[in-house]
Amino acid sequence: MNQYTSDLITKASKYIPGASYFTLGPNLPGIPEFIIEKGYGPYVYTTDGVKMLDVTLAHGSLILGHSNKVISEAVRKQIALGTALTNITKPAIELAELMVEIVPCADKVRIVNSGTEASILAIRLVRAATGKEKILKFEGAYHGFADNLIFNTNYGKPNEWCPYPEASPDSLGVSLSQAKTVLIAPYNNLEITSKIIDENIHDLAGIIVEPVMRGINSRPEFLKGLKVICDKYKIPLIFDEVITGFRVSLGGAQEYFGVTPDLSIYGKSLGAGYPIGAIVGKDSLMKYLDPSSENGNHIFSIGSFHSNPLCSTAALYCLKELKKNGSYEKLNNYGDGLRSGLSQIFEQYELPHVMTGLGSIIEFFFTSGAVTDYKSSICSNLALKDLIGSNMYKFKVVGGGGRYTCSIMHGEKELDWMLSAVSSTLDNARSTGVLNRIIEGSMN
Ligand SMILES: Cc1ncc(COP(=O)(O)O)c(C=O)c1O
């Protein structure tokens, strides 16, 4: 580490709590090992001048890679016209038009600044529309850091959680009164979910679900079954497409699975690296965001940067780029290549595993069983997964944890880089005896 980087990290520790931009468990970040200065395509460059492969991509946001020329050029032109125009802006209008064309459930669109904001609005909206209060979410799902849904996420402490359907907060400072408005069900389990719905039907305002939960795939019958139940009882169904949106296909998971929800929320990939979120849905619900709605029947919703022209421009051009032929072929080829390459390596080391995820959302678990929900995912060998995640940076890969992603700039070279990083990690762990200790530890 050069002096410049070491000084920056010292300064970060002095002025920023923990020199970190986040606090969530169970793998809390330590003091940074490097500082990223710039990014181009699939790579980032540290202040030490080291080139690293990026497989985190701003938590899955940079679907076109870093510093995409088309996006940068369009945003540069918009900067010359103004960066915040305090109104519905031309780029936001054009973006909304394109999203309505692309997304099956979208009659109308509201542009906000993050997935968390979109999630807050979606929940408020279904409560307003139904006059009910409870929201059903799935165990292990994350819908943003707001107080209303930060319960039983994949960042919590499952051994301290209450039984279904009671919600347990994942953060200090969350009001326990909020927990009473949230119901928790196991993912992919229609039987228990239906029972919880039946028992709470008079209070249930909506159901929010990730069509692929983090890296766990939904069973084909699960989303379809949820939709049938929601239609039967007139419960609004919200898809959280912050991860799947514009990544698994242009029309998102709802297009891919052929299940159309009532509302859907977006973030991440939509903005190609610019801070954006969106809530889209059917007129019957989106009218609650219309200030001219009958009898003032609308919810409170405003943000200083909503409908922002810069972020909307980035999103508009991102969708136009993704619409071009070959985008999804590239994303999926890389995803499938990584999934099968990793699987071959794990087989070589005789590590029982399952590969999950969809297209360019790539996930794996070390287990001989199936992974269908959060509880089965944490019964896998997490220490082994952490071993891989925590060693990636030694092989100049940014991104650990196990859920990998890619951009349209990731190709053969990046695939080889990634596979060799994982294989070298396991090789080192085997020769030092660490691998055996972790495997034996999991058997005790
Ligand atoms: C499925 C899902 N929903 C919502 C969010 C929150 O989005 P943001 O980080 O933009 O607030 C995230 C973020 O990781 C997410 O993965």
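Helices and strands here are DSSP runs, with helices taken as H or I over at least four residues and strands as E over at least two, and they are numbered from the N terminus. With that in hand, the model, which is a predicted one, can be walked through piece by piece.

A good place to start is the backbone, where a couple of spots stand out. Pro-165 sits in the loop between β5 (134-138) and α6 (176-179). The peptide bond that joins Tyr-164 to Pro-165 is cis, with omega at about 0°. Another loop, the one linking α3 (69-81) and α4 (90-102), holds Thr-86. Thr-86 is not a glycine, yet its phi is positive, at about 45°.

Zooming out, how is the protein split into domains? The domain assignment gives domain 1 as 34-66 + 326-443 and domain 2 as 69-323. Measuring from C-alpha centre to C-alpha centre, domain 1 and domain 2 are 27 Å apart. Where the two touch, domain 1 puts in 24 residues and domain 2 puts in 28 residues. On the domain 1 side of this contact, at least two residues come from each of α2 (57-60), α12 (327-348) and α13 (374-378). Of these, α13 has the largest share, with four residues. As for chemistry, the domain 1 side that touches domain 2 has 10 nonpolar residues, 10 polar ones and four charged ones.

Next comes the ligand. Its surroundings are made up of 14 residues, and the closest are Ser-114, Gly-115, Thr-116, Gly-144 and Val-242. Which helix gives the most to this shell? That is α5 (residues 115-130), which supplies three residues. Sorted by class, the shell around the ligand comes out as nine polar, three nonpolar and two charged residues.

The rest of the picture is about helices leaning on helices. Two packed helices are described by the angle between their axes and the distance between the axes. Take α7 (residues 190-200) and α8 (residues 220-233): they pack at about 15°, and their axes are 11 Å apart. Angles under 35 degrees count as roughly parallel, and α7 and α8 are therefore roughly parallel to each other. Their crossing is right-handed. From α7, the residues Leu-190, Ser-194 and Ile-197 meet Phe-222, Gly-225, Ile-229 and Tyr-233 from α8. That contact between α7 and α8 has five nonpolar and two polar residues, and no charged ones.

A second pair is α4 with α11 (residues 309-323). The angle between α4 and α11 is about 35°, and 8 Å separates their axes. What is the handedness of the crossing of α4 and α11? It is left-handed. On the α4 side, Pro-91, Ala-92, Glu-94, Leu-95, Leu-98 and Ile-102 take part, and they meet Pro-309, Ser-312, Thr-313, Ala-315, Leu-316 and Leu-319 of α11. By class, the contact of α4 with α11 counts nine nonpolar residues, two polar and one charged.

Finally, there is α14 (residues 382-391) with α15 (residues 412-432). The axes of α14 and α15 come within 9 Å and cross at roughly 115°. The crossing of α14 and α15 is right-handed. Leu-387, Ile-388 and Asn-391 make the contact from α14, while Val-422, Thr-425 and Ala-429 make it from α15. Four nonpolar and two polar residues form this contact of α14 with α15, with no charged residues in it.

How values were computed:
Residues are numbered from 1 along each chain as its sequence is written. This is a predicted model: local features need pLDDT of at least 70, side-chain atom pairs count only at pLDDT 80 or more; totals for chains, interfaces and linings use all residues. A residue is near a molecule or strand if its C-beta atom, placed from the backbone, lies within 6 Å of it. Ala, Val, Leu, Ile, Met, Phe, Trp, Tyr, Cys and Pro count as nonpolar, Asp, Glu, Lys and Arg as charged, and the others, Gly among them, as polar. Domain bounds come from an automatic or database domain assignment. Two residues are in contact if their C-beta atoms, placed from the backbone, lie within 7 Å. Axes are lines fitted to C-alpha atoms, for helices over the stretch in contact, and angles run from 0 to 180 degrees between N-to-C directions. Angles under 35 degrees count as roughly parallel, over 145 as roughly antiparallel, 65 to 115 as roughly perpendicular and the rest as oblique. A crossing is left-handed if the near helix is turned anticlockwise from the far one by less than a right angle, and right-handed if clockwise.
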